[in-house]
Amino acid sequence: MSRIVYVNGRYLPQAQARVHIDDRGYQFGDGVYEVCAIRGGMLIDEAPHLKRLERSLGELRIAWPVGVEQLRHVMRETVRRNRVENGLVYVQITRGVARRDHPFPAGNVKPSLVVTARSLAIENYDRWAETGVAAMTLPETRWARCDIKSTSLLANVLAKQQAREAGAFEAWFVDREGLVTEGASTNAWIVDAEGVLRTRRLDHAILPGVTRGEIIPLCRQHGIAFEERAFSVESAKSAREAFVTSASAGVIPVVSIDGGKIGDAKPGPVARALRAAYWGSRQGIG
Ligand code: PLP
């Protein structure tokens with residue numbers, strides 16, 4: 001079955017889908033995106049993803065290409081047409097097509113909308129959740145507005161590639177103060193030596209991860225001591241546990257950082273409990 005993608009009002013076989021070479025997403029990375037997990041054919045955490053999309057669009061002063069209700073429909077229809085049971089739906093909105101020039105185009109340029117959906121081998125994530133994964137640390141090289149889910153991801157791409165070449169699942173960016181900001185495509189968490197679960201507070205240095213936001217109330221429900229407080233690389237390396245969160249991965253334990261073991265190098269109880277609670281609270285999967 002050929003994949004069907006939605007491009008600016010039409011559902012097309014992927015091989016026939018086109019965007020213009022003057023699209024500002026292609027020319028400048030001038031666009032935003034969202035990724036929602038699909039489990040059992042259902043969109044997970046759709047409302048907070050759409051809320052964050054609205055915020056990203058607002059920060060970049062890009063208009064909605066279609067109304068939110070219509071976008072919700074297109075997301076579902078793309079999932080349905082591709083028969084995705086477990087996977088993700090990807091939404092990209094760019095400032096649209098205009099002759100290449102840095103300032104925003106004058107006139108009524110319509111933003112471009114692309115929606116795709118694809119299956120994911122979720123058993124890989126389940127396996128990583130069982131074994132735990134490795135992370136490596138790298139200096140923060142991204143721009144000063146990482147809170148915007150922009151398609152400009154060059155620093156993230158380079159970091160992820162460096163991690164892959166080093167045999168690590170994720171790269172954790174470290175700011176000038178030696179504090180971990182987040183992963184190249186995940187939020188970063190530790191259970192520190194005192195047993196407190198920590199992740200950096202929201203500011204311009206990190207993406208407000210939807211999974212992050214959904215995990216926090218679960219900590220309260222499960223009596224897990226939690227603080228929104230940044231942690232240093234040293235505290236991460238001497239942590240009892242570490243893990244990452246994202247829409248596609250859920251909660252994945254990190255069992256080594258820069259080659260050094262975290263705890264006993266096995267997924268810890270807090271990461272396990274939160275992974276189970278997160279998927280469990282989303283239709284009993286996980
Ligand atoms: N941080 C970055 C840089 C990301 O790219 C992502 C997801 O793609 C996340 C964090 C996790 O966000 P979410 O939980 O909304 O997927």
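## Helices and a glycine

Helices here are DSSP runs of H or I with at least four residues, and they are numbered from the N terminus. With that in hand, welcome to this predicted model. A good place to start is helix H5, which covers residues 154-165. Just after H5, Gly167 adopts a positive phi of about 80°.

How does the span of H5 compare with 1.5 Å a residue? The twelve residues of H5 should span 16 Å at that rise, and the end C-alpha atoms lie 17 Å apart, which agrees.

## The two sides of H5

Which residues of H5 are buried? They are Ala155, Asn156, Ala159, Lys160 and Ala163. Seen down the axis of H5, these buried residues fall within an arc of 130°, so they line one face of the helix. The cover over the buried residues of H5 includes S7 and S8.

The face turned away from the buried side carries Leu154, Leu158 and Glu165, which are exposed. If you are colouring the model by accessibility, two leucines therefore show up on the exposed face of H5, next to a glutamate in the list.

## Helix H4 and its partners

Helix H4 runs over residues 122-131, and its buried residues are Ile122, Tyr125 and Ala129. Those three cover an arc of only 50° around the axis, which puts them on the same side of H4. Glu123 and Glu130 sit on the other side of H4 and are exposed.

What do the buried residues of H4 pack against? Their partners are strand S3 (31-39), strand S14 (250-257) and helix H8 (269-280). As with H5, a glycine follows: Gly132, just after H4, takes a positive phi of about 80°.

## Salt bridges

Side chains of opposite charge can pair when their charged atoms come close. The structure holds 25 salt bridges. One of them joins Glu34 and Arg52, with the closest N and O atoms 2.7 Å apart. Glu34 belongs to strand S3 and Arg52 to helix H2 (residues 46-60), so this pair ties together parts that are 18 residues apart in sequence. Are these two residues buried or exposed? Glu34 counts as buried because its relative accessibility is 4%, and Arg52 counts as buried at 8%.

Glu170 forms another salt bridge, with Lys160, where the closest N and O atoms are 2.8 Å apart. Since Glu170 lies in strand S8 (residues 170-174) and Lys160 in helix H5, the pair ties together parts that are ten residues apart in sequence. Both Glu170 and Lys160 are buried. Lys237 pairs with Asp258, and here the closest N and O atoms are 2.9 Å apart. That pair links distant parts of the chain, 21 residues apart: Lys237 is in helix H7 (residues 233-237), while Asp258 is in the loop between S14 and strand S15 (260-261). Lys237 counts as partly exposed at 37% relative accessibility, and Asp258 is partly exposed as well, with a relative accessible area of 35%. There is also a network of salt bridges, which links Glu46, Glu69, Arg72 and Arg76.

## Nonpolar cores

How many residues does the largest nonpolar core have? It has 26, and Trp172 and Val254 are those with the most contacts inside it. The elements giving two or more residues to this core are S3, H4, strand S7 (133-139), S8, strand S10 (187-191), H7, strand S13 (241-246) and S14. Domain 1 (4-120) and domain 2 (125-281) both give residues to this core, so it lies between them.

For a closer look, take Val254. Leaving aside neighbours within four places in sequence, Val254 is in contact with Val133, Ala135, Trp172, Ala242, Phe243, Val244 and Ile262. Apart from this core lies another, of 23 residues, which includes Val32, Leu53, Leu60 and Leu113.

## A serine in H7

Ser235 is found in helix H7. Its relative accessibility is 18%, so Ser235 counts as buried, the cut-off being under 20%. How far apart are Ser235 and Ile148 in sequence and in space? They are 87 residues apart in sequence, and 27 Å apart in space from C-alpha to C-alpha.

Note on methods:
Residues numbered from 1 in each chain as written. Predicted model: local features only at pLDDT ≥ 70, side-chain atom pairs only at ≥ 80, totals over all residues. Heavy atoms only, no water. Buried < 20%, exposed > 50% of the residue type's maximum accessible area, 1.4 Å probe, protein only. Arc of directions from axis to C-beta. Contact = heavy atoms within 4.5 Å. Salt bridge = Lys/Arg side-chain N within 4 Å of Asp/Glu carboxyl O. Core = buried A, V, L, I, M, F, W, Y, C linked by side-chain atoms within 4.5 Å. Domains from an automatic or database assignment. Expected span 1.5 Å × (residues − 1).
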